[in-house]
Every structure is written in structure tokens, then in C-alpha cells.
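User: I have a structure open and would like to learn how to read its features one at a time. Could you walk me through it?
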Amino acid sequence: MGHKIFISYKYGDTSVQKHAKTLWFESTKVRHYVDELQDKLDKEDHINKGELDGEDLSDFKDSTIESRLRNKIYDSSVTIVLISPNMKETNKAEGDQWIPWEISYSLRETTRNDRTSRRNGILAVVLPDVNGRYDYMLEKKICCQSGCTIWHTDKLFKILNLNMFNQHEKVRSNCSIGDNVYHGYVSYIHMIKWDNFIGNINFWINEAEKIRDNNDAYDIHINL
């Protein structure tokens, strides 16, 4: 059965790898990755509750945009956040940017007409940078024999950062060189690479919902 999905992303960020469907003279934007994702969601009978291509919200007042976003997120069960190198506008307060608000709405339980919506499962999907690399956010490291990955959560919006590594009782192991390695889903907002996600969307959407169903195991932060 399909799920209702909300996609949160920085539309015009061009700091990502050139997409196969982008013309040679055209800059690839995060929106091009969203188009591919929406096509795949449609094929799997999932319902996209996010902004559609051509649905321009820029002419609306902030209060109108906020109301429309609240309505879409209220009626969704999973939020996919596309992580890109320049998703944060450094000259703007986080409270003045839409992605943190979309995450905050996704984490809330809202009651309307005697019906209370559950908080969404949230999955952070890291897009490749212009060089096709992910290590700006997910950096491979030699630690234990099996290796490990550093999550550069300090580069994310605060509300993303606070909802990662927030499991109350984490499973970890200590390698001989002194590194702590965590196992399982220790973050309410799990983070994966685009390449791993796009080929197995149904699996990852289901995993996000499993984490949501176990939300009492996490210290969840909903405010900016």
C-alpha cells in the first residue's frame, strides 16, 4: 500500500552532482533530484504531498505558505529531507528558512476536528556534491575492522542535528583505536546516501515508519 510522502529540500541549490536528465548547458538543481524521486513515488503508488513542479508559492504571504505546508504535512506519514551542501542560507536565521519549519511540523502531533495526526517518520537523504562525493556529510573512516562513517551533523540545521544520535539507549562498540561506533538506528532521523536510497525507496520508507512506531525510544526535539 502506498504512503503519503512530504519532500523537504532547497529548490535552487546547484551545489549538487549534474543529474542525467539535465541538459548540458543547464545547471542541476536539487529540484531535478526531486523530479526523479516524484516519478518513482508515483510508480510505487505513493502519494506526494509536497510541492509539485510549477507550484510556485513565492507569490503568497508567509502566513499562507505556512498554512498550506501545515495542511500537506498533516496529511502525510513520512517526510524525506534532501540534504545538499548549500541547503542552509548562512545569512539567514534558521527560523526564517523553510526546511527547519517543515521538519518541526513533521515532528508534531496535531489535533484537528477530534483527529490527531501522528508525527511523521523522517529520513534524511544526502545528495552527491558537484564532484559526486558524499563526504561533506557522510565521511568514510578507518576505525573498526568493518569501517565506519562519520556524520557531520554540525553542518545541518539545529533541528536535524538534535534529532540524530538521540536514542535513549544506544548500542555501541569501542574499537581498538578508541573510536565509539554506534549500531542500528540510533537516530530518529536516519541519514543515508541518495544512491542507496533511490534504488530501494520502499525499503527505506518502511524503515522510517518503523522508527516512528518506536518513537518512545528517542529524545525528540520539535522546536526550532
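Analyst: Gladly! Let's start with burial: a residue is buried under 20% relative accessible area, exposed over 50%, and partly exposed in between, using a 1.4 Å probe and protein chains only. Phe165 is partly exposed, with a relative accessible area of 29%. Please keep in mind that this is a predicted model, where local features need pLDDT of at least 70, side-chain atom pairs count only at pLDDT 80 or more, and totals for chains, interfaces and linings use all residues. Residues are numbered from 1 along each chain as its sequence is written, and side-chain values use heavy atoms, with hydrogens and water left out.

User: Where is Phe165 found, and what is the sign of its phi?

Analyst: Helices (H or I, at least four residues) and strands (E, at least two) are DSSP runs, numbered from the N terminus. Phe165 is in the loop between helix 4 (158-162) and strand 9 (171-174). Its phi is positive, about 55°, although Phe165 is not a glycine.

User: How many helices and strands does the chain have, and how much of the chain is buried?

Analyst: There are six helices and eleven strands. Of the 224 residues, 46% count as buried. For surface, the Shrake-Rupley method with a 1.4 Å probe gives the accessible areas, and for residues only the protein chains shown count as cover. The accessible surface of the chain is about 12,100 Å², with 45% of that belonging to carbon and sulfur atoms.

User: How should I read contacts?

Analyst: A contact means heavy atoms within 4.5 Å. Here, among contacts between residues at least 6 apart in sequence, 66% join residues at least 24 apart.

User: Which residues have the most contacts inside the largest nonpolar core?

Analyst: In soluble globular proteins, nonpolar side chains tend to be buried together. A nonpolar core is a set of buried Ala, Val, Leu, Ile, Met, Phe, Trp, Tyr and Cys residues joined through side-chain atoms within 4.5 Å. The largest one in this model has 49 residues, and those with the most contacts inside it are Leu82, Ile83, Leu160, Trp194 and Phe197. Click on Ile83: leaving aside neighbours within four places in sequence, its contacts include Val125, Leu127, Met137, Leu156 and Leu160.

User: How many aromatic pairs are there?

Analyst: Rings of Phe, Tyr and Trp (its six-membered ring) pair if their centres lie within 6.5 Å; planes under 30 degrees apart count as stacked, over 60 as edge-to-face and the rest as tilted. By this rule there are nine aromatic pairs. Take Tyr33 and Trp194: their ring centres are 5.1 Å apart and their planes stand at 90°, so the pair is edge-to-face. This pair links distant parts of the chain, with Tyr33 in helix 1 and Trp194 in helix 5 (residues 194-198), 161 residues apart. Tyr33 and Trp194 are both buried, and ring pairs link them with Phe197 into a cluster.

User: How do I read a polar contact, say for His32?

Analyst: A polar contact is a pair of N or O atoms within 3.5 Å; within protein, one must be able to donate a hydrogen and the other to accept it, and residues adjacent in sequence count only if both atoms are side-chain atoms. His32, in helix 1 (residues 30-43), reaches the backbone nitrogen of Lys29 with its side chain at 2.9 Å. His32 is buried, at a relative accessible area of 17%. Beyond neighbours within four places in sequence, it is in contact with His19, Thr22, Glu26 and Ser27.

User: And what does Trp101 touch?

Analyst: Not counting residues up to four places away in sequence, Trp101 touches Gly95 and Leu224. A polar atom of the Trp101 side chain lies 2.6 Å from the backbone oxygen of Gly95. Trp101 is in helix 3 (residues 98-107) and is partly exposed at 28% relative accessible area, while helix 3 is mostly covered, with eight of its ten residues buried.

User: How can I check the length of helix 6?

Analyst: The expected span is 1.5 Å times one less than the number of residues. For the 13 residues of helix 6 (residues 201-213) that is 18 Å, and the end C-alpha atoms are 19 Å apart, which agrees.

User: Is Arg212 buried or exposed?

Analyst: Arg212, which lies in helix 6, counts as buried at 9% relative accessibility. Not counting residues up to four places away in sequence, Arg212 touches Ser77, Arg118, Arg119, Asn120, Gly121 and Tyr188.
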